[in-house]
Amino acid sequence: MDVGLILKIAGVGVLVSVASAILNKSGRDEQAMLVTLAGIIVVMLMLVGEIGTLFETIRSVFGV
């Protein structure tokens, strides 16, 4: 795992939390929830490649 990936995930988290707080303060709770959901989806898409690499590594270690 790369440190850059962790920093990217942290950056997305900070941006999503700031955007969600601003939207909540302005009374747009539905949009805040959608921003939070979009942030979770973005992070999951960033992790898909790493999970694939993990499965390939496990497969090569156990010789399956």
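Here's a quick briefing on the fold, surface and helices of this protein chain. The model is a predicted one. You're looking at 2 helices and 0 strands. The radius of gyration is 16 Å, well over the 11 Å that the globule rule gives for 64 residues, so the chain is more spread out than a compact globule.

**Overall shape**
- Along its principal axes, the C-alpha trace covers about 55 × 20 × 10 Å.

**Surface and charge**
- Just 12% of the 64 residues count as buried.
- The accessible surface adds up to about 5,000 Å², and carbon and sulfur atoms account for 73% of that.
- There are 4 positive and 5 negative charges, and the mean positions of the two sets sit 6 Å apart.

**Helix H2**
- H2 takes in residues 29–62, which is 34 residues.
- At 1.5 Å a residue H2 should span 50 Å, and its end C-alpha atoms are 48 Å apart, so the two figures agree.
- H2 does have a kink of about 30°, centred on Val48.
- Ala32, Gly39 and Val43 are buried residues in H2.

**Helix H1 and Gly13**
- H1 runs over residues 3–25, and Gly13 is part of it.
- Gly13 has 38% relative accessibility, so it counts as partly exposed, since that class lies between the under 20% cut-off for buried and the over 50% cut-off for exposed.
- Gly13 and Gln31 are 18 residues apart along the chain, with 16 Å between their C-alpha atoms.

Methods: Residues are numbered from 1 along each chain as its sequence is written. This is a predicted model: local features need pLDDT of at least 70, side-chain atom pairs count only at pLDDT 80 or more; totals for chains, interfaces and linings use all residues. Side-chain values use heavy atoms; hydrogens and water are left out. Helices (H or I, at least four residues) and strands (E, at least two) are DSSP runs, numbered from the N terminus. The radius of gyration is taken over C-alpha atoms; the globule rule is 2.2 Å times the number of residues to the power 0.38. Buried means under 20% relative accessible area, exposed over 50%, partly exposed in between (1.4 Å probe, protein chains only). Accessible areas come from the Shrake-Rupley method with a 1.4 Å probe; for residues, only the protein chains shown count as cover. Lys and Arg count as positive and Asp and Glu as negative; His and the chain ends are not counted. The place of a charge is taken as NZ of Lys, CZ of Arg, CG of Asp or CD of Glu. The expected span of a helix is 1.5 Å times one less than its number of residues. The bend at a residue is the angle between axes fitted to the seven residues ending there and the seven starting there.
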